[in-house]
2 protein chains.
Amino acid sequence: MITDILFVEEIFVADNDCRKNLIAASVPLFAAKGLNGVSVRELASAAGVNLSMISYYFGGKEGLYAAVLTEQFAILGKLEEIEQMEIDTLQKFELYVRATVSRYRRNPYLLRFYTSELTNPTACFETIIKPAIKRVVQMLLDTFADGLSDRKFRDDLNPTDTVLALAGMINFYFLLEPATAELVDHAPERDEQLIRHIMDIFTRGVLR
Amino acid sequence: MITDILFVEEIFVADNDCRKNLIAASVPLFAAKGLNGVSVRELASAAGVNLSMISYYFGGKEGLYAAVLTEQFAILGKLEEIEQMEIDTLQKFELYVRATVSRYRRNPYLLRFYTSELTNPTACFETIIKPAIKRVVQMLLDTFADGLSDRKFRDDLNPTDTVLALAGMINFYFLLEPATAELVDHAPERDEQLIRHIMDIFTRGVLR
DNA sequence: GGTTATCATTCAAACGTTTGATCAGTTTTA
DNA sequence: TAAAACTGATCAAACGTTTGAATGATAACC
């Protein structure tokens, strides 16, 4: 959630309508067509602002794109709250899964942005996307290590393969939706079943 | 694998150097930057041909892109060979996994192309990508149904969630490589371990 | 057999359009 | 009234495509 006031490098920046509208209108456009698939004119007219405002506020199209990505990935902090909790390791993994599914439902663009950057990286990949993904993977690895030292998890599993498998089960389900909508029921009403299914497989896989 | 001679609509089309070079040079460029990220001049100069050859042979940039995708996804037939085999269901799943991993190693562009189309679809998505993905998912579903009727697999699992979980474990591992290379060892030498790991989790998950 | 006609192929050049960015000028705000 | 916000017009560069001429091989003709 972005606030109305941003502090960037100690400089006070009021988040006025023009800025806000541009970012809000750019999210679905960039998510659907990628950085190169949208023109500045398209972005400006979708936001209902003059096209020169993009350069004025963001220094250009790529700046606007970077601002959009920064906002999108600011949400990642939620997962780190879970990491701090003093709960059962397996329960922690379930909370990760629930938080991720819930996030993808409330913000259907997030997944698009980072898979787009993973496949066709722009300048933002190294600065925004890669660090964000590394943080999440590292967090999952740390949690798995906790389960190992508790002697709850199997110690013959490769930790990275294991956490990537969990992440893959969640993310791929949503990534594939545009292609498999006629084959698979992706309705949000089934999310609870999906989460239980993923945790079922994962639990059987990792528990001693 | 494309042959030197193509029969398209009963018209004999010699696959000359110009055509061949254009497709060959376009694969890595389109895979890395997407349809909109590469210019026709870039494509032509990479192929060492005149830029008007793109319109001449493929009717335009999008035609070349479509030709590239068609060639890339022609390889899918390999999986269907496995489906025909008269072997144990679980063994069949392992062959799918092995074939996919081996495919991604020999053709590092395939994954990029279809994740790119899943996130930022072009006109090719409906005509090439979506049918291809649906075929694979349907094939996995059929194989899972075999395991069910053999009473080898748990019958309380949602089949689509299960096969998407398996596909997700494989694909996400490769999709994430650009971001996690410093955190996770993605070396081909580890592929055998990865395959065993995925099959370990999957087997524990689905067997009665 | 020599000439001409026809064809697909290749090329450099130019086409009109769209691109992202900029600028001078105007309005709004504090 | 000075600074900030905003506008419409304009820029050069890049875009994908088309053009018309040149090339060379093959087919048709006398």
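User: In this predicted model, which residues does B:Phe73 touch, not counting residues up to four places away in sequence?

Analyst: B:Phe73 touches B:Leu110, B:Phe113, B:Tyr114, B:Ile128, B:Ile129 and B:Ala132 once residues up to four places away in sequence are set aside.

User: How should I read such a cluster, and which residues touch the most other members of the largest nonpolar core?

Analyst: In soluble globular proteins, nonpolar side chains tend to be buried together. Here the largest nonpolar core has 142 residues, and A:Phe73 and B:Phe73 touch the most other members.

User: How are chain A and chain B related?

Analyst: The general idea is that two copies of a chain are related by a rotation about an axis and a shift along it. In this case a turn of 180° with a shift of 0.0 Å along the axis lays chain B on chain A, with an RMSD of 0.1 Å. That is the relation of a two-fold axis. The same surface serves both copies, since 100% of the contact residues of chain B recur in chain A.

User: Which residue of chain B comes closest to the rotation axis?

Analyst: B:Gly168 does, with its C-alpha at 2.3 Å.

User: Where does B:Asn120 lie, and is B:Asn120 buried or exposed?

Analyst: B:Asn120 lies in the loop between α7 (110–119) and α8 (124–149) of chain B. The cut-off for buried is under 20% relative accessible area; B:Asn120 counts as buried because its relative accessibility is 11%.

User: What is B:Asn120 in contact with, leaving aside its neighbours within four places in sequence?

Analyst: The contacts of B:Asn120 are A:Phe30, A:Ala31, A:Ala32, A:Lys33, A:Gly34 and A:Ser116. For two of these residues there is also a polar pairing: a polar atom of the B:Asn120 side chain lies 3.0 Å from the backbone oxygen of A:Ala31 and a polar atom of that side chain lies 3.3 Å from the backbone oxygen of A:Ala32.

User: Turning to the DNA, how many residues surround strand C?

Analyst: DNA strand C is surrounded by 15 residues, the closest being A:Val40, A:Arg41, A:Lys61, B:Tyr56 and B:Tyr57. By class, this surface has seven nonpolar, six polar and two charged residues. Among the atoms of DNA strand C within 4 Å of the protein, 46% belong to sugar or phosphate, and the rest to bases.

User: Which atoms of strand C are paired with B:Asn50 and B:Tyr56?

Analyst: For B:Asn50, an N or O atom of the side chain is 3.2 Å from a base nitrogen of DNA strand C. For B:Tyr56, a polar side-chain atom lies 3.0 Å from a phosphate oxygen of DNA strand C. The elements giving two or more residues to this surface are α2 (40–47) and α3 (52–58) of chain A, together with α3 (52–58) of chain B. The largest share, four residues, comes from α3(B).

User: And how many residues surround DNA strand D?

Analyst: There are 17 residues around DNA strand D, and the closest are A:Met53, A:Tyr57, B:Arg41, B:Leu51 and B:Lys61. An N or O atom in the side chain of B:Lys61 is 2.5 Å from a phosphate oxygen of DNA strand D. For the side chain of A:Tyr56, an N or O atom is 3.3 Å from a phosphate oxygen of DNA strand D. A backbone N or O atom of B:Val38 lies 3.4 Å from a phosphate oxygen of this strand.

User: Which element gives the largest share of the surface near DNA strand D?

Analyst: That element is α3(A), with four residues.

Methods: Residues numbered from 1 in each chain as written. Chains lettered and ligands numbered in written order. Predicted model: local features only at pLDDT ≥ 70, side-chain atom pairs only at ≥ 80, totals over all residues. Heavy atoms only, no water. Core = buried A, V, L, I, M, F, W, Y, C linked by side-chain atoms within 4.5 Å. Buried < 20%, exposed > 50% of the residue type's maximum accessible area, 1.4 Å probe, protein only. Contact = heavy atoms within 4.5 Å. Near = heavy atom within 4 Å. Polar contact = N/O pair within 3.5 Å; in protein donor to acceptor, adjacent residues only side chain to side chain. Nonpolar A, V, L, I, M, F, W, Y, C, P; charged D, E, K, R; others polar. Least-squares fit on C-alpha atoms with pLDDT ≥ 70 in both.
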